[in-house]
Amino acid sequence: MTPDFVKSVPVQDLLDRASGLTAEGGDPRLKGIARDLFEAIMTVIVKYDVSESEFWRAVTFFQQGADEYGLIVPGTGLEHFLDLYMDAKDAEAGMSGGTPRTIEGPLYVEGAPLVEGDVNLSEDPDDTDMLYMSGIITGPDGEAVKDAIVHVWHANSKGWYSHFDPTCEQTPFNNRRRIKLGDDGRYAFHSKMPHGYSVPPEGATDRLMKALGRHGNRPAHVHFFVEAPGYRTLTTQINFGDDPFAADDFAFGTREGLLPVPNRQGESAYIGFDFRLQRAAASDDERFSARARLAV
């Protein structure tokens, strides 16, 4: 059987009916997306002669792995693909420059304390080195961005994030802050050094990665949202360029321009990193994506 089977009249008729094209009402755009998606799945079934048992095992995998979708999406490259797609649309529209965007990941928490000055992110003791990071937020012409807020979050030295730590040993907003900047656009913070981590052992993501002959490890990194009136909200992260997984991040989060190497001196490490924002072309550019996030 060849994939041309999907083009047969009975299957095409089924696709039209299943996607609602033959029904009144509904969202026309959603109907088109659903039809193409259903057809793509059917084509894969025929192309690889997927058996009934294989199909239902796949359904079971997604049912059991629902709580790891936030890891499966970056692990399969889909979240990075969205970044590449948005980059390509920017280039097509003549928009360039600015700090590269990269994946958000599933571990942001809304409601972190809003603070000013040289901020300490780490509330909890942690037997590891100190990280000192600072820089300036500028716009496309090099102007200091006023009234910016930098959201920053990262893991502890064991690779756990507060609110998601199975040991329940971290305070709620350990290693999480929103930093309100002044007119000079400068930020600074210090914290206990984060460590890279792996996906949950034997979880859905780990099993999928092993089946693909891949690993589920991330390098040490620090996440950021940067927002300011009149500018596009930036979603990005820096990955430590000297981490062994910096060139092989399972989530494809490492990008050129986002791999600073910490200047390590004794029990301290220093990173200087400037962010450059693009101007907002519409009010939507100043908003966050509609992704579901934990709110506290």
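Where in the secondary structure is Arg177 found? The points below take up that residue and several others; the model is predicted.

1. Arg177 is found in strand β6, which covers residues 176–180. Its relative accessibility is 10%, so Arg177 counts as buried, the cut-off being under 20%. The side chain of Arg177 is joined to that of Glu123 by a polar contact of 3.0 Å. Leaving aside residues up to four places away in sequence, Arg177 touches Ala112, Pro113, Val115, Val119, Asn120, Leu121 and Glu123, and also Val150, His151 and Val152.

2. A second arginine to check is Arg232, in the loop between β10 (221–227) and β11 (234–239). Arg232 has 15% relative accessibility and therefore counts as buried. A polar contact of 3.0 Å links its side chain to the side chain of Asp90. Asp90 is also on the list of residues that Arg232 touches, residues up to four places away in sequence not being counted. That list further holds Met95, Arg101, Val226, Leu277, Gln278, Arg279, Ala280 and Asp285.

3. Overall composition of the chain. The secondary structure comes to 6 helices and 15 strands. Of the 296 residues, 42% count as buried. Taken along the principal axes, the C-alpha atoms fill a box of roughly 65 × 45 × 35 Å. Among contacts between residues at least 6 apart in sequence, 74% join residues at least 24 apart.

4. Helix pair α1 and α2. Helix α1 spans residues 9–18 and helix α2 spans residues 28–47; the two pack at an angle of about 140 degrees, with their axes 9 Å apart. That angle makes α1 oblique to α2, because only angles over 145 degrees count as roughly antiparallel. The crossing of α1 past α2 is right-handed. On the α1 side the contact is made by Val11, Gln12, Leu14, Leu15, Asp16 and Ala18, and on the α2 side by Arg35, Phe38, Glu39 and Met42. By class, the residues of this contact divide into 6 nonpolar, 1 polar and 3 charged.

5. Helix α6. This helix runs over residues 204–211, and its buried residues are Ala204, Thr205, Asp206 and Met209. The buried residues of α6 pack against α3 and against α4 (69–75). Just after α6, Gly213 takes a positive phi of about 75 degrees.

6. Gln63 in helix α3. Is Gln63 buried or exposed? Gln63 lies in α3, residues 52–64. With a relative accessibility of 59%, Gln63 counts as exposed, since the cut-off for that class is over 50%. The C-alpha atoms of Gln63 and Gly117 are separated by 45 Å, the two residues being 54 residues apart along the chain.

7. Thr254 in a loop. Thr254 has its place between β11 and β12 (263–265). Which backbone oxygen does the side chain of Thr254 reach? The side chain reaches the backbone oxygen of Ala246, at 3.3 Å. Ala246 is also one of the residues that Thr254 touches, together with Pro219, Asn239, Asp249 and Leu259, when residues up to four places away in sequence are not counted. The C-alpha atoms of Thr254 and Leu277 are separated by 19 Å, with their positions 23 residues apart along the chain as the spacing. Leu277 is itself among the residues that Arg232 touches.

Notes. Residues are numbered from 1 along each chain as its sequence is written. This is a predicted model: local features need pLDDT of at least 70, side-chain atom pairs count only at pLDDT 80 or more; totals for chains, interfaces and linings use all residues. Side-chain values use heavy atoms; hydrogens and water are left out. Axes are lines fitted to C-alpha atoms, for helices over the stretch in contact, and angles run from 0 to 180 degrees between N-to-C directions. Helices (H or I, at least four residues) and strands (E, at least two) are DSSP runs, numbered from the N terminus. Angles under 35 degrees count as roughly parallel, over 145 as roughly antiparallel, 65 to 115 as roughly perpendicular and the rest as oblique. A crossing is left-handed if the near helix is turned anticlockwise from the far one by less than a right angle, and right-handed if clockwise. Contact means heavy atoms within 4.5 Å. Ala, Val, Leu, Ile, Met, Phe, Trp, Tyr, Cys and Pro count as nonpolar, Asp, Glu, Lys and Arg as charged, and the others, Gly among them, as polar. Buried means under 20% relative accessible area, exposed over 50%, partly exposed in between (1.4 Å probe, protein chains only). A polar contact is a pair of N or O atoms within 3.5 Å; within protein, one must be able to donate a hydrogen and the other to accept it, and residues adjacent in sequence count only if both atoms are side-chain atoms.
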